Structures are given as structure tokens and as C-alpha cells.
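This briefing goes through a protein model together with its ligand, and then turns to the cysteines and to one histidine. Please keep the sequence and the structure open while reading.

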Amino acid sequence: MCGIVAYVGYRPALPVLLAGLRRLEYRGYDSAGVALVRPGWIERHRVAGPLDGLVRATRRVDASATTGIGHTRWATHGAPTVENAHPHIDCHGTWAVLHTGIIETHEALRARLRRRGHRFRSQTDTEVIAHLLEDAPSQDPPKAVAWATARLEGSFSLEIVSARDPGRVVAVRLGSPLVVGLGVGEQFIASDVPALLPFTRRVVYLEDAEQCEVTADGIRLERAGRRRRMRIETLRVGETEAERSGYPHFMLKEIHEQPEAVAAALQGRIDLARAQVRLTEKGYGRIDPRRVRRVVAIGCGTALHAALVAKRSIEGLARVPVDVVAASEFRYGEPVLGPGTVVLAISQSGETADTLAGVRLARASRRPVLAIVNVPGSALTREADAVLPMRAGLEIGVASTKAYTSQLVMALLLALDWGRQRGTLSPSAARALLKGLVSLPGALRRTLGLSGTIRRAAQRFAKGHHGNFMFVGRGYNFATAFEGALKLKEITYRHAEGYGAGEMKHGPLALVDARLPVVAVAVRDTVRAKIASNIEEIRARGGNLLVVGTEGDHALARRAGVFFGIPDLPEPLTPVVAVVPLQLFAYHLAVALGRDVDRPRNLAKSVTVE
Ligand code: F6R
């Protein structure tokens, strides 16, 4: 949340900062700002609203400054106004600070600084840092920043410049991600790698509680006053991965990338001859599935829905009981993590604050953490005992799509592997599922071919001015209903709820009338007959039915107002494909309603604050 960039080097800083911020807009788009360091003073430009305003406001700025910091904001403290836009400065305009995350102790600090005569101009928690720096006993940037950071509590990352030292940026990571990009005679810092891609592939990920000092000539990393040797990593990301490549939105691009993302997740991990899965990544082999007595799966939002599907596949194939808990509840609960419990953490970004807090809780209880994670180098990849990388590539759309289907595939690989090792899955059953997995990219491509039909249906529903939608599913596709509803509400701003279809009679059926669109996921599986009855009950009350079913299921197609058929697949694999029509429906409805799909209101990607 909040995108931050910094540049120090020989080029004009402003275009570098704007290019970086453009690629971080998915992390926040409430307001934007930059600070350019001039000899002896700091020039600030800030606007309320998205980055385009900042680009216009800085069109005529003198481009000679070669050091600067930039920010695109997702508001936490203070409305998205110009006064609250970052960077923030101290009373004399010597220090400029920007930050992502939360300073929990800001109120007490603000009161104390006010008593000492500091004048505040914003409602943000960030501004206290600029005033603290002004009071630091040493005004040497690295020393002053270390002094100020020691007085802050919360979870955040900072970028700071001083007018007294124009060729230097100091950054701190305490809970929120930061990555330094290395150039020749220039360096970059950003909250996320897309900002660095036009400039460099050589990066250093900051560790937690680390301070970094960056000049044109190099970087210096320190933790608790001790220098750390840097580990340079090379990003294996194509530059166009961070671009829309002809698609009108990142979300649509990523929906269409699902066949490739799933193929990448499967690459080298399937051994059909032995009916086995090959998972060799960090720490995985150290968890013996025969000794696992229980799994607690945690995640947030879409990743939580992936955890619900993982429960079905791990219980069904490996016969290990799985509890699913929202990470935000798990971290403040009193979970019983007895012997033999493995905590399975699922996250696209690997930086979600609640999921990381859950991981730390599990580790403090000495229970192994196995992570299904997408972003390489993220905090989760470092903190988990074992990691299953999803390899979905960059996901920039705020509404998660390809990460979800890749998470489901990784959970299936895990369930299959454990099932084989625990002896709960026969070689022939495993082989049938493995063959099904291999066929998934093709099934996804075929389903994406429904895009035109789904667009036309969504356009009709947009004209119907429906304020509420209901999604129902059962069995392996129970959570598909929740995910379809989440996609719809986050990008169309229409109310949508997901329910287990078998739960309808216990209350939600009262909502059904001819105005209510009900989207049912009813593929050919072991509960097909059950959900067909639930569909009848909805039809009998006049419900406006859209059904995602299996191709050729004419009986069901006849009963639905709208029918989207997906290829026939082994039951545990159906959620991977059944969600795609729901993603497309939400997308096309949002477009038809004129929504800003890649910048849904009030949201941003990577929830690094509580
Ligand atoms: C919804 C969405 C969010 C994320 C959630 C967890 O489309 O993207 O609900 O799934 O914030 O994010 P990660 O997976 O990065 O932990």
C-alpha cells in the first residue's frame, strides 16, 4: 500500500520518479507527490488524485535535480488532500520524508513535538518523522534517520532526503517492503520491483529493521548499527510484464495470462510415469507429510478463498484435516497449534501484514510454516520454513485473478504429493489427476473463448441496474461462489454475496425475487444433482439465473437464463476453471458500468498495513 520510489544519480530525477510511480499506481492512487533535492533547498510538488495530475503539475519543472523521492498514496491517516499528500517536510523545509505503512505512536509524538514548537500542516502520521528529524542531535542524514527511527513504532518503510546533503537518500524498512535497484553511477529504491524494471535488473531486497544509505556511487546497508554485506539478485522479469501489452486493463491481461501462469506453476513438477509430483523448493522436503496431523491454512481476501479450496483438496486427497482461518483473525485469536500442526500461509504478494503476523505467531509457537507465494524475495519467502513459489509472474491488477488460479494449482500439487506420500492416493487416481492438471492450460484457453458471450451478458445486466447479486456453489466450488462475489463487489461497487447453495433454504432464499441475479456454479461433479435442486428452488421463486456449468450439460443449460459451459474436468480441478467466467463477468460488468477497473475505489494492492 502506497508506492514509493527514490532516485540518486546523474539523470534528471523527475522523469525517473514519474516513470517509477506510474508502475506503482496499483499500490495507491489517492494523491501523489515528489520532492527534488536542490542545493540547499527542497522543491515539492503534490496533487490530490491520481498520478496524471502530478505529471501535468510538473510539466515545466526545471529538470536539473538528480536526487529525488516520489510517492503515490493510499490514505490511512488524513483525507486524500494536497496537504496530506507526501512528501512531508519539517518546519524549515530541510528534510523531506515519505512513507508507506503506519506509525502507531504518531499521536503522542505529535503532541510532544507541538509542545516543542513544531508546526504541523497535515493530519498524517508521516509528518511527525520530518519534525523528529529536525530535532535529531546529529543532522547527518544516516545518523539522524537512525535516531528518529528508534523513536517510531509501527510497520512502515521510509525514504528521506535532506537539503543539506543533496546526493543522498536514506531508506528504512520496518515491516513494509523495499528494494534497491543498482545502476552504474545511479541507484534506485522502490516499494516494488515494477518501478525498477525500465532501469535495472540488479536488486538488493532490504531485510526487516534495516537502514540503507544510497548515493550515486553505491549503497550501504546497516542493521542495528552493524553493516551488512549486500546480496545482489537478478530479476527474471521481462519489462513488458509490467505493461498492459495492448489490453485496456491489467486485470483483463492477467485473466488472459492464466493458461501460461498455470503452465509455469506445473513446469517440471509433474512426473506422469511415476504418478508423482516433484516439489524441491526451499525447506519443502523437511516437512514429512506422514507426521502432519493437522493443517491451519491462513490468508486474506482472495488468498483466503484459495485456502478454502485447498482445504477441500488436502482433506480429499491427503486425508489431513485442515482448518481455514482469516489471517486477520488468526493473529489475534488464541489458536491451538498442537504437535504435528503445519501452518499453510497463502499470499500473492508475500507482504500482507496480517498473513505475515500469522506466520510469526506460528513460528513463535515452533510450528512449521509452509508458504504458497508468488513474489520472489518477499518477506513471506524469507520467513516461511518451506516455500512453494507460484511463478505466476507480476500481478498488477488490484483485483487478483491469475494469482488465485495459480494458488489453487499449487494447493493441488501439495495435496497430490502428500496423498501419494501418505498412501491415501493410489497411483492410478494420482495419474488421472496429474493428466487433468496437464490439460488445465488448454481448458483455461477454451474457457477464455467465452469472453464475448460473457461480455454481452454483462452488458445486459449493466442495463438492468441490479444493485445486488448472489453467488452460490457447493463442494469444491463452495469457495468459487465467494471469489466470484468478491471480484464483482470490488470492481463494480455492486453488492454481492457468496453462499453455499445448500445454505439457501436456511435464510438467504428470502432475498430471491425476479430482480435478483443469482450466479450458480454447478459443474458436473459429485454434488451436481444437489445443486441442480437448489437451482430449481431459486427458479421457483423467479430468480434471475446465470449458471457456470459443464459443456454439454443441456439439462442445466435449459433451466438457466444464461449458461457458461466450461470443459469437463476431474472434480478437484474444476475450481481452477470455474472461476474464470466469474472473473470475466465481473470485469465486463465493471467496464459496462464505467468503473476504473485497475483502480477500484478505496482499494490498493499489497495490504501492508493492518
Ligand atoms: C482481491 C484481492 C485481495 C488479496 C488480499 C491478499 O482481489 O486481491 O483480497 O487477495 O489482499 O493479498 P495477498 O495474496 O497478496 O496476501
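In this predicted model, a polar side-chain atom of Thr352 lies 2.5 Å from an oxygen atom of the ligand. Thr352 is also one of the closest residues in a shell of 15 that surround the ligand, and the ligand itself sits in the second largest pocket.

**Ligand surroundings**

- Besides Thr352, the closest of the 15 surrounding residues are Ser347, Gln348, Ser349 and Glu490.
- Glu490, which belongs to this closest group, has an N or O atom in its side chain 2.5 Å from an oxygen atom of the ligand.
- For Lys487, the distance between a side-chain N or O atom and an oxygen atom of the ligand is 3.0 Å.
- The ligand taken alone exposes 410 Å², and the protein buries 87% of that area.

**Helices that contribute to the shell**

- Two helices, H8 (302-318) and H15 (478-492), each supply at least two residues of the shell around the ligand.
- Helix H15 provides the largest share of that shell, namely 3 residues.

**Cysteines**

- How many disulfides does the model contain? The count comes to 0, and for Cys212 the nearest cysteine sulfur, which is that of Cys2, is 19 Å away.
- Because a disulfide requires two cysteine sulfur atoms within 2.5 Å, the separation of 19 Å between the sulfurs of Cys212 and Cys2 leaves Cys212 in no disulfide.
- Cys300 is likewise in no disulfide, since its nearest cysteine sulfur, again that of Cys2, is 18 Å away, whereas the cut-off is 2.5 Å.
- Is Cys212 buried or exposed? Cys212 is buried, because its relative accessible area is 0% and the limit for a buried residue is under 20%.
- Cys300 has a relative accessibility of 25% and therefore counts as partly exposed, given that this class lies between the 20% and 50% limits.

**His45 and its contact**

- His45 is found in strand S3, which is made up of residues 41-48.
- With a relative accessibility of 16%, His45 counts as buried, because the value falls under the 20% limit.
- The side chain of His45 is joined to the side chain of Glu43 by a polar contact of 2.7 Å.

Methods. Residues numbered from 1 in each chain as written. Predicted model: local features only at pLDDT ≥ 70, side-chain atom pairs only at ≥ 80, totals over all residues. Heavy atoms only, no water. Buried < 20%, exposed > 50% of the residue type's maximum accessible area, 1.4 Å probe, protein only. Near = heavy atom within 4 Å. Polar contact = N/O pair within 3.5 Å; in protein donor to acceptor, adjacent residues only side chain to side chain. Areas by Shrake-Rupley, 256 points an atom, 1.4 Å probe, with all protein chains shown as cover. 1 Å grid on protein atoms, 1.4 Å probe; cavity = no way out; pocket = protein on both sides within 12 Å on 5 of 7 lines; lining within 4 Å. Sits in = over half its atoms within 2 Å of the grid points. Helix = DSSP H or I, 4+ residues; strand = E, 2+ residues; numbered from the N terminus.
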